[in-house]
Amino acid sequence: MNLLVLMRMVPDVVEELEIAPDGKSLDREALRLIASESDDHALEEALLLKERYGGKVTVVVPDAPEVGDLLYTAAAKGADRVIRLRGIKTGLGVAALARSCAAALQATPGLLPVNLILTGTQAIEDLDGLVAPLVAHHLGLPYIGVVTAVTEIADGKASVVKEFQAGYRGEFQIALPAVLGVQSAEKPPRYVPVAKVRAAMKSVKIEECEVPQPTPAALEGIEVLAMSKPEVAGRAAMLEGSPEEVAGKLCDLLAERGLL
Amino acid sequence: MTDPAAGLVLGVPARAILWLITLAAFGLFGWRVAAYLRVLARARPEPRWDRWPERIRRFVIEVLAQRKLLEEPLIGVAHLLIFWAFVFYATGFFWNLARGLLPWLAVPYADQAYAMALALEIFGVIGLAALAVAAYRRYILRPDRLEQSRDAGIILGLISVVLLSSLLGAGAAVLSGEAHGWRPVASAVAVPLAAAGIGGTAASGVVTAMWWVHMVTVLGFLVYLPYSKHLHLLASPFGVLFGALEPPMPAASEGASRLEEFTWRQLFSGLACAECGRCDRACPALNSGYPLSPKMLMHHVKELIMASLAPGGNGHALLREKVKPEEVWACMTCLACIARCPVGNEHVPVLIELRRKLMAEGELEAHLQEALTNLSRYGNSFGQSARNRARWAQGLDFKIKDARKEQVAWLWFTGDYAAYDPRLQPITRAAARLLARAGVDFGILYEAEQNSGNDARRAGEEGLFESLMEKNLAAFGKARFEKIVTTDPHSLHALRHEYRWSNGRPQVVHHTELLWELIRTNRLSPVKRLNGKVTYHDPCYLGRYNGIYEAPRRILHALGLELVEMPRHGSRSYCCGAGGGRIWMEDVAGIQERPAESRVREAAATGATMLVVACPKDWVMFQDARKTAGLEDKLVIKEIVELVEEATQP
């Protein structure tokens, strides 16, 4: 079983994000990047599949600051190959990112074909969840997203669970090779102790691949006009006093707002 | 004078029989001891060969004077007397044995030398009385957590036979005319013997018979000893001698579960354990209903050794086969078990090795995983940006110096809780105002400070500790300061004892030490006398780990407060339940009373209306506990800094 996990670094929202002076992008100098959360789940699902069916897990990540940490951590968790894609500009629109990633995967010798490509179904920069299906489109592979489990792989097909709203779930069969957009792995992503990551830094070699040709920053016809920071609402109020007093104030408030 | 080893027994020379059983007994004893030593040789090394004057001092206090046993006075005194009776009897035994085996030695038997005979009979009576106390405690009082083994009964019986045979022999010797001088016990024993019609040659026969009973029992004891819990008698003096002189922390390892993965000293604890249960009685995890018993942990270590000695035994793994992961995670690393253990056992390092094993397998609960991930990424367990570390200082009307940019006398290491917990930030600001008012030249590291790693290390994440230590040491290296003060006992311990300072460790003090110094030298003067009855909780990492008990108490006295002590104070202090990474873990099912709740109830029972703490984690834990324990009206929790500010505010 050959599994490829496509991951990416996204801005860490624990740190305060700043808009760049041009008003149209994030200030990349000020931000810290972190592995996208659902990509971490995609990696975990791949590692679980490897444990179940054997095979190899290859992790591919577009180059970014601190990407080494992500790749060494992935190796320490059990990834067999870790690859950094060079030449993909940061801050690309999702369509351009997907096209670049697909092109890089195809251009890298010995990478494709694989049985399954797993990636996060969403990222904080890609709330519409476009990168995963677009990569599938460019590679000409079937795609299914919001996956929460891969229940079986047999006879060139995978059975997967896809989640819908309000806890509804459906089980689907997809022909391999395919691309899965993973929402969450069957288990929370594993913890890997720092010592193992440090050992991986010494023993694991990060492979590097060049993206064949530069890609446009965005699709034609779309232009960023402005970005803005969230507005602080500041409407929260603390109700103080004894439980009876607090309950009374709460009732008054609800009545005042016409909710009672 | 008769020689009990002369003559024939069933036609065989008695001395030959003595030689035979002596060689057999010592052979069996030596064979077993050698087997133990071979097991220890298979274990990983752990250097314990330094600081001999200190080791010998400790040996005198803990082995010869039995300080920790005396903490429980009834059995403590009894055990001390049995121990010293044993020492005299062992001396008498070897003396007699040497004389019996080697008839050409120009000395009398021990019981024929007046002073020794007198000492033996006096210690015999004392020993028997002490044995009666021990039996009364074991079988009538039945203390909690004392292991009720058949072993203990056999040993009590054997020691009784050893003492009684000696006393009966001495009594008979009075009647046969072999005992001389003032022999109060022997004379008293002789009375009923005489009444039973024993005298002359019959008495002489009794002396010889009792001599043999005594010698054979002791030789039997010698063989039995290394197979029983009374192995502690042999092992514990070495346990104390090679004990940890600082709170123990195993050297970096990938964890341990199988025999050869542990260090010899960790295994040795299993051999030295006397199953007395002092650790269990002190353990906050066990007493709250967590599934951990430090005594059983030691017992499992012993089983690990025994299993490897069994014929064809390849040993087993400690983890999961004997100790469940829930037990491993239950420990708060408060050190109460080690502080109470009379034989110098080290329970916590064994648990840390097991935690490292679980950590390497990635088996840890979600909350702990989140805290460790945060520590590794942001340098704090709160998962907040490092840039916000000094945000608490924004509420001050002066700016705290940045020790990375300007020289300061004192570098203040705040620790995570004081810096990030919004409930504690007002106290952190109060500490800053106090230092400023006292004219202390101090600074902080701002976003360069990281969690000290103390609790990550105790959770078994050794690599994370290393990484946090390296980052902090790099920040210290770039700062200019003379000494370090910290408001966090956990950080204090790591900085003082576990960091590898390349250019010598600077002085690291706790804020209570610095505040006391400022008050003592009138740089901070109480202007208002505080009134009231307060009690003080000794934080584990301040007290047991670092021996700082006096400074906070002196401060409280100086402020005019009446300090009433809780029953568990000083080195007997009871953990709040937050240590060793437990603050990041969920309570488990089956908890009867959380350690912090037990503690606030204990505080309220003293009649004090205020529980004073000197550790940010204690403040958080006790604030919660006083609500869950329903003591909101009776007890307030204050950090000592708050009181000092109140009393010194002009």
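**Strands, cores and contacts in a predicted model**

Author: In this predicted model, strand β8 of chain B, residues 533-536, runs parallel to β9(B) and is joined to β9(B) by two bridges.

Reader: What makes β8 and β9(B) a pair?

Author: Pairing requires at least two bridges between the strands. Two bridges join β8 to β9(B), so the requirement is met. On these strands, B:Lys533 stands opposite B:Glu562 in β9(B).

Reader: Which order do the strands of the open sheet follow?

Author: The order is β9-β8-β10-β11 in chain B, four strands with parallel pairing.

Reader: Why do β9 and β11 of chain B stand at the edges?

Author: Each has a single partner strand, so one side of β9 (562-563) and one side of β11 (636-639) have no neighbour in the sheet. Chain B as a whole comes to 26 helices and 11 strands.

Reader: What makes B:Phe622 part of a nonpolar core?

Author: A core is a set of buried residues of certain kinds, Phe among them, joined through C-beta atoms within 7 Å. Buried here requires 20 or more other C-beta atoms within 10 Å. B:Phe622 is listed in the largest core, of 208 residues, so B:Phe622 counts as buried. B:Phe622 is also one of those with the most contacts inside that core, along with A:Val5, A:Val59, A:Val135 and B:Val644.

Reader: Which residues is B:Phe622 in contact with, leaving aside neighbours within four places in sequence?

Author: They are B:Cys576, B:Ala596, B:Arg599, B:Val600, B:Leu611, B:Val613 and B:Ile637. A second, separate core has 43 residues, including B:Tyr89 and B:Trp211.

Reader: How many of the 650 residues of chain B count as buried?

Author: The share is 48%.

Reader: How many residues of chain A are in contact with chain B, and what are they by class?

Author: 10 residues of chain A are in contact with 17 residues of chain B. The chain A side has seven nonpolar, no polar and three charged residues.

Reader: Where do the domains of chain B lie?

Author: The assignment gives domain 1 as 17-46 + 256-363, domain 2 as 74-231, domain 3 as 367-519 and domain 4 as 526-648.

Reader: How do you know that domain 1 and domain 3 of chain B are in contact?

Author: A contact needs C-beta atoms within 7 Å. Six residues from domain 1 of chain B and five from domain 3 of chain B take part. The domain 1 side has three nonpolar, one polar and two charged residues. The 36 Å between these domains refers to their C-alpha centres.

Conventions. Residues numbered from 1 in each chain as written. Chains lettered and ligands numbered in written order. Predicted model: local features only at pLDDT ≥ 70, side-chain atom pairs only at ≥ 80, totals over all residues. Domains from an automatic or database assignment. Contact = placed C-beta atoms within 7 Å. Nonpolar A, V, L, I, M, F, W, Y, C, P; charged D, E, K, R; others polar. Buried ≥ 20, exposed ≤ 12 C-beta atoms within 10 Å, placed from the backbone.
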